[in-house]
Amino acid sequence: VKVMLTNASNEEGYVGITPNFPAKIVPIKFGHHISPDHALISQGGAYMSHLGDVNVGCDLDASLRTCCCAGFGCFRQKITGSDESIAFLAAGGTLIYRYLSENETITVDGRSVVAMEETVTLGIAPNGRICMCCLGGEGCFSTTLTGPGKVFMQSMNFQKFRDAVQTTVIDDRGDGS
């Protein structure tokens, strides 16, 4: 559902927006944080709203490896905008911004990626051998991001937050019911 709010009066007005969990609102300005001729690929649920000429569409990940194991899924949010337009994204915990040089690779938890420029290549790397993958608690794969391009990451994604709250609620009940 898309809601468009318009101020029809001559007076300045305000609109308040908030993420669906305790998070930060991250303004991404096209022409400043990201080039207007580049698209931003964002994690599902990260996009909140925008000012100016911003288009939110869909990007298809045709690689079975990355769409199943990199944390973004098959259909990803693709955000484009004209110069000086702003897209607002939600990110939990500490926000980390990183510019990756040509062929520079960073390995991360896939759910920690908020958004990346479309020039960044998404990949996966195994988390060790079979025992580590099955018993290490980190899953079978980590997400790799290879430059060039900008990457926005978060330390507390929605699932981590939900799991922490759920664990606390279950612990407070004592019996798990």
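Me: Two strands count as paired if DSSP finds at least two bridges between them. With that in mind, how many bridges join strand 2 to strand 9?

Reply: A good place to start, and please remember throughout that this is a predicted model. Strand 2 (residues 40-42) and strand 9 (residues 113-117) are joined by three bridges and run antiparallel. Three bridges satisfy the cut-off of at least two, so these strands count as a pair. To see the register, look for Leu40, which stands opposite Glu117 in strand 9.

Me: Which strand pairs with strand 9 over three bridges and includes Met153, the bridge partner of Val113?

Reply: That is strand 12: its pairing with strand 9 is antiparallel and runs over three bridges. Here Val113 has Met153 of strand 12 as its bridge partner.

Me: In what order do the strands of this six-stranded sheet lie?

Reply: Read across the sheet rather than along the chain. The order is 4-5-2-9-12-7, with antiparallel pairing, and the sheet is open. Its edges are strand 4 and strand 7, each of which pairs on one side only. Neighbouring strands are turned against each other by 25° on average, direction ignored.

Me: How many residues of strand 9 are buried?

Reply: Five of its five residues are buried, and strand 9 is described as mostly covered. As for where side chains point, in a regular strand they alternate between the two faces of the sheet.

Me: Let me try an edge strand. Is Asp59 buried or exposed?

Reply: The cut-off for buried is under 20% relative accessible area. Asp59 has 16%, so it is buried. You will find Asp59 in strand 4 (residues 54-60).

Me: Which side chain makes a polar contact with that of Asp59?

Reply: The partner is Arg76, with 2.4 Å between the two side chains in this polar contact. Arg76 is also among the residues that Asp59 contacts once neighbours within four places in sequence are set aside; the others are Ile41, Cys74, Phe75 and Lys78.

Me: What is the strand order in the three-stranded sheet?

Reply: This open sheet has the order 8-11-10, and the pairing is antiparallel. Strand 8 (105-108) and strand 10 (121-126) form the edges, each pairing on one side only. From one strand to the next, the twist averages 30°. Six bridges hold the antiparallel pair of strand 10 and strand 11 (residues 141-146). One position to check is Ala125, whose bridge partner in strand 11 is Ser142.

Me: What does Phe141 touch, if residues up to four places away in sequence are not counted?

Reply: Phe141 touches Cys69, Ile124, Ala125, Pro126 and Asn127. Cys69 is 72 residues away along the chain, yet its C-alpha atom is 6.5 Å from that of Phe141. Phe141 lies in strand 11, and at 37% relative accessible area it is partly exposed.

Me: Now the backbone. Which residues other than glycine have a positive phi here?

Reply: The general rule is that most residues other than glycine have a negative phi. Two cases to look at here are Glu84, with phi near 75°, and Asn103, with phi of about 65°. Glu84 is placed in the loop between strand 5 (75-81) and strand 6 (86-91), while Asn103 lies in the loop between strand 7 (95-100) and strand 8.

Me: Is Asn103 buried or exposed?

Reply: Asn103 is exposed, with a relative accessible area of 59%. Glu84, by contrast, counts as partly exposed at 48%. The dividing value is 50%, because exposed means over 50%.

Me: Where is there a cis peptide bond?

Reply: Most peptide bonds are trans. Here, a cis bond joins Gly147 and Pro148, with omega about 25°. Pro148 sits in the loop between strand 11 and strand 12 (149-154).

Me: Last one: which residues lie nearest the centre of the largest pocket?

Reply: Val3, Leu5, Ile17, Ser49 and His50 lie nearest its centre, out of 19 lining residues. The space in this pocket is about 790 Å³. Strand 3 (residues 47-51) gives the most to the lining, with five residues.

Methods: Residues are numbered from 1 along each chain as its sequence is written. This is a predicted model: local features need pLDDT of at least 70, side-chain atom pairs count only at pLDDT 80 or more; totals for chains, interfaces and linings use all residues. Side-chain values use heavy atoms; hydrogens and water are left out. Helices (H or I, at least four residues) and strands (E, at least two) are DSSP runs, numbered from the N terminus. Axes are lines fitted to C-alpha atoms, for helices over the stretch in contact, and angles run from 0 to 180 degrees between N-to-C directions. Buried means under 20% relative accessible area, exposed over 50%, partly exposed in between (1.4 Å probe, protein chains only). A polar contact is a pair of N or O atoms within 3.5 Å; within protein, one must be able to donate a hydrogen and the other to accept it, and residues adjacent in sequence count only if both atoms are side-chain atoms. Contact means heavy atoms within 4.5 Å. On a 1 Å grid over the protein atoms alone, a cavity is a set of points where a 1.4 Å probe fits but cannot get out, and a pocket is an open set with protein on both sides within 12 Å along at least five of seven lines; lining residues have an atom within 4 Å of a point. Grid points are joined across faces, edges and corners, and a volume is the space filled by probe spheres set on the points.
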